[in-house]
Amino acid sequence: MALKAAEVLISQERIAERVKTIAAEIGQKYAGQNVLMIGILRGAVIFLSDLVREIPSSVDVTIEFMKASSYGASTQSSGEVRISQEPTIDVRGRNVIIVEDIVDTGLTLRRLCEYFSASGAASVEVCVLLDKRERRVAEVPVEYVGFVIPDQFVVGYGMDYDEKMRNLPSIHVVREAAEE
Ligand code: PRP
């Protein structure tokens with residue numbers, strides 16, 4: 001059954017406002033320092049792009065990307081997460097902020113935190129736009145959270161269904177296309 005983007009869960013305006021607040025927090029914490037912001041492909045691309053542009057120039061920001069993939073398909077995490085694309089910038093001695101669009105079971109972030117704790121980074125923090133807290137299996141510290149959301153499948157603002165709808169400016173819940 002095909003799915004479509006239905007009602008807006010979080011509007012473009014609310015996202016923009018929250019992104020500014022998080023950027024200001026990062027600005028306060030890292031003023032006068034370098035921070036290496038690592039977006040997790042692909043979902044975090046839009047959030048990272050908006051976030052870094054709201055961080056004050058008193059922070060020296062470096063951008064990097066990496067990819068983590070769950071074994072298995074579809075919307076359910078299989079439990080095993082591998083790093084399928086490593087950062088090419090050396091993270092040793094750096095202040096890292098992992099930027100994710102969403103934390104669901106927490107398995108991806110747990111794997112990423114393991115990766116960075118072995119990497120020699122000076123510090124590691126986590127910044128997520130959406131937190132599906134009730135789905136958590138692995139507890140991971142998350143320093144910056146945009147919104148806590150219910151257990152609903154969401155698309156837009158970087159998040160996809162079958163690699164589509166990432167370009168929608170707001171975050172929508174999805175419904176079966178036949179439900180109209
Ligand atoms: C999503 C999201 C996180 C992960 C969270 O990525 O971006 O990386 O799932 O789920 P978890 O907390 O249950 O581990 P996805 O695998 O959908 O890839 P994408 O970012 O390319 O859409």
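This is a short dialogue about reading the strands and the ligand site of a predicted model.

Me: What kind of model is this, and how are residues numbered?

Reply: The model is predicted, so to speak of a local feature we need pLDDT of at least 70, side-chain atom pairs count only at pLDDT 80 or more, and totals for chains, interfaces and linings use all residues. Residues are numbered from 1 along each chain as its sequence is written, and side-chain values use heavy atoms, with hydrogens and water left out.

Me: Let's start with strand β2. Is β2 largely enclosed or not, and why?

Reply: First, the terms. Helices (H or I, at least four residues) and strands (E, at least two) are DSSP runs, numbered from the N terminus. Buried means under 20% relative accessible area, exposed means over 50%, and partly exposed is in between (1.4 Å probe, protein chains only). Now the case: β2 covers residues 34–41, and because six of its eight residues are buried, the strand is largely enclosed by the rest of the structure.

Me: Which strand is joined to β2 by eight bridges?

Reply: The general idea is that two strands pair if DSSP finds at least two bridges between them. Here, the eight bridges lead to β3 (residues 60–70), and the two strands run parallel. You can find L36 opposite T62, and I40 has M66 as its bridge partner. Strand β5 (residues 95–103) also runs parallel to β2, with four bridges joining them; there, M37 stands opposite I97.

Me: Where do the side chains of a strand point?

Reply: In a regular strand they alternate between the two faces of the sheet.

Me: What do β2, α2 and β3 make together?

Reply: A crossover is right-handed if, with the strands pointing away from the viewer, the path from the first strand over the helix to the second runs clockwise. In this structure, β2, helix α2 (residues 45–54) and β3 make a right-handed β-α-β unit. Strand β3 also has an antiparallel partner, β4 (residues 81–85), joined to it by four bridges, and K67 stands opposite Q85 there.

Me: Now the ligand. Which residues come nearest?

Reply: A residue is near a molecule if one of its heavy atoms lies within 4 Å of it. There are 16 residues around the ligand, and E100, D101, T105, G106 and T108 come nearest. Strand β5 gives the largest share of this shell, four residues. By class, the shell has four nonpolar, five polar and seven charged residues. For those classes, Ala, Val, Leu, Ile, Met, Phe, Trp, Tyr, Cys and Pro count as nonpolar, Asp, Glu, Lys and Arg as charged, and the others, Gly among them, as polar.

Me: How far are polar atoms of E100, G106 and D160 from oxygen atoms of the ligand?

Reply: A polar contact is a pair of N or O atoms within 3.5 Å; within protein, one must be able to donate a hydrogen and the other to accept it, and residues adjacent in sequence count only if both atoms are side-chain atoms. The side chain of E100 has a polar atom 2.6 Å from a ligand oxygen. For a polar backbone atom of G106 the distance is 2.8 Å, and for a polar side-chain atom of D160 it is 3.1 Å.

Me: And T105: buried or exposed?

Reply: T105 sits in the loop between β5 and α3 and is buried, with a relative accessible area of 9%. A polar atom of its side chain lies 3.2 Å from the backbone nitrogen of L107.
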